Amino acid sequence: MGFAAMGRYIIGIDLGTTNSAIGYVDLSTARPKAGQVAIQTFAIPQLIGPAKIGARPLLPSFLYLPTPHDLPPGSTALPWNPDAKEIVIVGEFAR
C-alpha cells in the first residue's frame with residue numbers, strides 16, 4: 001500500500017496519567033519525501049468553567065462528580081448533550 005492509498009489523516013492519541021492529547025497529520029498537505037510533515041494538535045472541547053465550553057490542547061485526567069448543590073442549574077450543559085441527567089465532568093473544569 002502506497003502513501004497515496006492511505007486515508008487522509010494519521011491520528012495519535014496519548015492517554016496519559018496527568019493529561020490526554022490528540023495529534024494528527026493531514027496527509028493531503030504533508031510532503032513526507034520532502035520532510036514536510038506538520039504534526040497538528042487537536043483542540044479538545046470541554047467544560048472550562050460553569051456554563052463555559054472551550055477547546056484546549058490537553059484534556060486533564062481529572063473527574064468531578066458534582067452534587068445538585070455544587071453548581072447552578074444549567075452550568076454543566078454541553079452542546080452535544082444539553083439535557084444530561086447524570087453529570088460527570090472531566091478535563092479542565094474538573095481539575
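I will go through a nonpolar core, a pair of buried loop residues and a surface patch in this structure.

This is a predicted model, so local features need pLDDT of at least 70 and side-chain atom pairs pLDDT 80 or more, while totals for chains, interfaces and linings use all residues. Residues are numbered from 1 along each chain as its sequence is written, and side-chain values use heavy atoms, with hydrogens and water left out.

The core. L47, L71, L78, I89, F93 and A94 make up the largest nonpolar core, meaning buried Ala, Val, Leu, Ile, Met, Phe, Trp, Tyr and Cys residues joined through side-chain atoms within 4.5 Å. Buried is under 20% relative accessible area, exposed is over 50%, and partly exposed is in between (1.4 Å probe, protein chains only). Beyond four places in sequence, L71 touches Y64, P66, T76, I89 and F93; contact is heavy atoms within 4.5 Å.

Next, the loop between β7 (63-64) and β8 (89-90), which holds S75 and T76. Strands are DSSP runs of E, at least two residues, numbered from the N terminus. S75 is buried at 4%, and T76 is buried at 16%. With the same sequence neighbours set aside, T76 touches L47, L71, I87 and I89, and S75 touches L47, G49, P50 and A51. A polar atom of the S75 side chain also lies 2.7 Å from the backbone oxygen of P72.

Finally, the surface. Y9, I11, I13 and L15 form a nonpolar patch with about 480 Å² of accessible area together. I13 sits in strand β1 (residues 9-15) and is exposed, at 59% relative accessible area.

Key: Patches are made of residues with over 30% relative accessible area and no salt bridge: like charges are joined within 9 Å, nonpolar side chains (Val, Leu, Ile, Met, Phe, Trp, Tyr) within 5 Å. Accessible areas come from the Shrake-Rupley method with a 1.4 Å probe; for residues, only the protein chains shown count as cover. A salt bridge is a side-chain nitrogen of Lys or Arg within 4 Å of a carboxyl oxygen of Asp or Glu. Helices (H or I, at least four residues) and strands (E, at least two) are DSSP runs, numbered from the N terminus. A polar contact is a pair of N or O atoms within 3.5 Å; within protein, one must be able to donate a hydrogen and the other to accept it, and residues adjacent in sequence count only if both atoms are side-chain atoms.
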